[in-house]
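Thanks for making time this morning. I will go through one structure piece by piece, so please have it open in front of you.

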Amino acid sequence: MHTLAARPVEFDLPASPAQAACPTTIGQAWARVPEPLPPGQRAALIERIRELLARERAVLVAHYYVDADLQELAEATGGCVGDSLEMARFGRDHPADTLVVAGVRFMGETAKILSPSKRILMPDLQATCSLDLGCPDDDFTAWCDAHPDRTVVVYANTSAAVKARADWVVTSSIALDVVANLHARGQRILWAPDRHLGSYVQRQTGADMLLWQGACVVHDEFKGVELELLRAEHPQARVLAHPESPQAVLAQADVVGSTTQLIDAARALDAGQFIVATDQGILHKMRAAAPGKQFIAAPTAGNSATCKSCAHCPWMAMNELAGLANVLEHGHNEITLDPELGRRAKLPIDRMLAFAEQRKQRVRASGDLARDTALYERVGPA
Ligand code: SF4
């Protein structure tokens, strides 16, 4: 393995989850820092991975935030690049018996939940997520038990055990619609784990929500004040923001949406310059989707800098060519999941997918195809 070092990463860990307000403490984690490869070795590894994917009859599914080489390999070999749910759905529907998931651990688990009979490999099983780390399943279960009258809605960035305790799993592309629907039916919500996404959904829907106080180490660091200064330098630029970002950033955004929705907006909007508040890994796909347009990373630095991530997820960065070749060569790093836990975790995912399909049919019947495409592209029935 090509490794320079392991770097420490601090993340928000709710300290008292049985309380409604959930004050946070700082958790400590680490992320491996991959070593850049010499050009000759890089090309050889890419070629070797192509051969191994064919030998193993495996398909590579990659997240938008991983290294550009892995994204290109996935697309060039018949795999896909997408958000976590698109990755899981693609893997489930693909005939390959082996899926290689380039992303973070909960994405491998979600792929296993939706495809229990398939072999799921990952370049690095230690690649995790601050939202997953910040929502331990025993504390989360205690919080749910303390609020039995509330409907439990969790974001996809959670462990299988947390999903198994939820009534609904949602992605950022469908969270607003699911919660608005539950609110219209008089239900009160327990939301976990991302506080910024939860707060955004709460403001947009007016739902009664108690929020777990987790945060993404990447999006939490975008700065509203520095964004204002950057916008003043680029007055023509449109701002694209992921809803895991703080309210001060979302308040300045022209488009708030999931990774796929932000890429679609970059392609569709009549603007030549964009400031992008999400992981910088997405810029590779945005540039391909909208050639000729300029993309500027939203600021995490400046007077109020913290820069735990500097707009690139330290765990997504652990996905590297050498690790990918290694797992394909030796069959290492397989995701395993207790079948009963997987079955329970699948129920709230299936509920979301069935909801998406129903809404899609309703919107199609109304003839509003633009809304249909914007909301549910690549989200289908389980
Ligand atoms: S970018 Fe944030 S939400 Fe995504 S995997 Fe990394 S820490 Fe988790």
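The protein is divided into two parts: domain 1 is made of 136-213 together with 339-374, and domain 2 covers 223-297. Please keep in mind that this is a predicted model. The centres of the two domains, taken over C-alpha atoms, are separated by 25 Å. How many residues of domain 1 are in contact with domain 2? There are nine, and they meet 11 residues of domain 2. On the domain 1 side, helix α9 gives the largest share, with four residues. By class, that side of domain 1 divides into three nonpolar residues, five polar and one charged.

Let me stay with α9 for a moment. This helix spans 195-205, and Q202 is found in it. Is Q202 buried, exposed or something in between? Q202 counts as partly exposed, because it has 19 other C-beta atoms within 10 Å, and buried would need 20 or more. Not counting residues up to four places away in sequence, Q202 touches A207 and M209. There is also W191, 11 residues from Q202 along the chain, and the C-alpha atoms of the two are separated by 9.7 Å.

Just ahead of α9 there is a loop, and it runs from strand β9, residues 189-192, to the helix. P193 is placed in that loop. The peptide bond from A192 to P193 is cis, with omega near -10°. As background, most peptide bonds are trans.

The next residue is L176, which lies in helix α8, residues 175-184. L176 counts as buried, because it has 20 C-beta neighbours inside 10 Å. Which residues does L176 contact, leaving aside those within four places in sequence? They are V201, Q204 and T205. V201 is 25 residues from L176 along the chain, yet the C-alpha atoms of the two are separated by 5.6 Å.

Now to domain 2, which runs over 223-297, and to helix α12, residues 259-268. Seven of the 10 residues of α12 are buried, so this helix is largely enclosed by the rest of the structure. The buried ones are T259, T260, Q261, L262, I263, A265 and A266.

Next, helix α2, residues 68-76. Its buried residues are D69, L70, Q71, L73 and A74. As a reminder, an α-helix has 3.6 residues a turn, so residues three or four places apart point the same way. What do the buried residues of α2 pack against? The partners are the helices α1, α13 and α14, along with the strands β3, β4 and β5. After α2 comes G78, with a positive phi near 90°.

G78 is a glycine, but two other residues also have a positive phi, and they are not glycines. For context, most residues other than glycine have a negative phi. One of the two is R57, with a phi of about 50°. R57 is placed in the loop between α1, residues 39-55, and β3, residues 58-63. The other is N333, with a phi near 60°. N333 is found in the loop between α14, residues 321-330, and α15, residues 339-366. Which of the two is buried and which exposed? R57 is exposed, because it has 10 other C-beta atoms within 10 Å. N333 is buried, because it has 21 other C-beta atoms within that distance.

One helix pair is worth a look on your screens. Two packed helices are described by the angle between their axes and the distance between the axes. Here the pair is α3, residues 84-93, and α4, residues 105-114, whose axes come within 9 Å and cross at roughly 40°. The crossing is right-handed. From α3, the contact is made by S84, M87, A88, G91 and R92, and from α4 by M107, T110, A111 and L114. These residues divide into five nonpolar, three polar and one charged.

Last, the ligand. Which residues are closest to the ligand? They are C129, S130, C216, V218 and C313, out of 13 that surround the ligand. By class, this shell has 10 nonpolar residues, two polar and one charged.

That is the end of the tour.

Conventions. Residues are numbered from 1 along each chain as its sequence is written. This is a predicted model: local features need pLDDT of at least 70, side-chain atom pairs count only at pLDDT 80 or more; totals for chains, interfaces and linings use all residues. Axes are lines fitted to C-alpha atoms, for helices over the stretch in contact, and angles run from 0 to 180 degrees between N-to-C directions. A crossing is left-handed if the near helix is turned anticlockwise from the far one by less than a right angle, and right-handed if clockwise. Two residues are in contact if their C-beta atoms, placed from the backbone, lie within 7 Å. Ala, Val, Leu, Ile, Met, Phe, Trp, Tyr, Cys and Pro count as nonpolar, Asp, Glu, Lys and Arg as charged, and the others, Gly among them, as polar. A residue is buried if 20 or more other C-beta atoms lie within 10 Å of its own, exposed if 12 or fewer, and partly exposed in between; C-beta atoms are placed from the backbone. Domain bounds come from an automatic or database domain assignment. A residue is near a molecule or strand if its C-beta atom, placed from the backbone, lies within 6 Å of it.
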